[in-house]
Amino acid sequence: MRELIEDGVQAAALRAVDGTFAGQLTALAIEGIQSGVLLGNTGLTSGQACGDVADLLLHGLAVLGHADG
């Protein structure tokens with residue numbers, strides 16, 4: 001994850017953020033989904049929750065004004 005983020009920053013497609021932090025945050029979210037902790041109150045399936053994590057991560061890291069953001 002860290003490398004993907006760093007590559008995106010180098011390509012000017014993602015904002016400059018600490019890739020290690022973002023990677024660890026993502027790993028914690030995935031762990032919460034797998035354990036069910038993040039699913040209990042949401043009614044989401046694990047697939048839906050993973051999709052929402054990806055959406056939050058990508059759009060939260062998007063460069064404002066970028067064609068994909």
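## Helix 2 and its buried face

Let's start in the middle of the chain. Seven positions in helix 2 deserve a look: Gly19, Ala22, Gly23, Thr26, Ala29, Gly32 and Ile33 are buried there. Please keep in mind as you read that this is a predicted model.

What lies over these residues? The cover on the buried residues of helix 2 includes helix 1 (2–10) and helix 3. Helix 2 itself is built from 17 residues, and the distance from its first C-alpha to its last is 24 Å. That is close to the 24 Å expected at 1.5 Å a residue.

## The whole protein

Stepping back, the protein contains three helices and zero strands, which gives the pattern α-α-α when read along the sequence. Its C-alpha trace spans about 35 × 25 × 15 Å along the principal axes.

Of the 69 residues in the protein, 22% are buried. As for contacts with a separation of 6 or more, 40% of them are between residues 24 or more positions apart.

## How helix 2 meets helix 3

Now for the pairing of helix 2 with helix 3. Their axes are 10 Å apart, and the two pack at an angle of about 165°. Angles over 145 degrees count as roughly antiparallel, so helix 2 is roughly antiparallel to helix 3. The crossing of helix 2 past helix 3 is right-handed.

Which residues make this contact? Helix 2 contributes Thr26, Ala29 and Ile33, while helix 3 contributes Ser46, Ala49, Cys50, Val53 and Leu57. Sorted by character, the residues of this contact are six nonpolar and two polar, with no charged ones. Thr26, Ala29 and Ile33 are also among the buried residues of helix 2, so you may like to colour them when you view the model.

## Leu38 in the connecting loop

Between helix 2 (19–35) and helix 3 (46–61) runs a loop, and Leu38 is found in it. Is Leu38 buried, exposed or partly exposed? Its relative accessible area is 43%. Buried means under 20% and exposed means over 50%, so Leu38 counts as partly exposed.

Leaving aside residues up to four places away in sequence, Leu38 touches Ala29, Gly32 and Ile33. Those partners are familiar ones: Ala29, Gly32 and Ile33 are buried in helix 2, and Ala29 and Ile33 also take part in the contact with helix 3.

For a link towards helix 3, take Leu38 together with Gly51. The two are 13 residues apart in sequence, and their C-alpha atoms are 13 Å apart in space.

Technical notes
Residues numbered from 1 in each chain as written. Predicted model: local features only at pLDDT ≥ 70, side-chain atom pairs only at ≥ 80, totals over all residues. Heavy atoms only, no water. Helix = DSSP H or I, 4+ residues; strand = E, 2+ residues; numbered from the N terminus. Buried < 20%, exposed > 50% of the residue type's maximum accessible area, 1.4 Å probe, protein only. Contact = heavy atoms within 4.5 Å. Axes fitted to C-alpha atoms, helices over the stretch in contact; angles between N-to-C directions. Parallel < 35°, antiparallel > 145°, perpendicular 65-115°, else oblique. Left-handed = near helix turned anticlockwise from the far one by under 90°. Nonpolar A, V, L, I, M, F, W, Y, C, P; charged D, E, K, R; others polar. Expected span 1.5 Å × (residues − 1).
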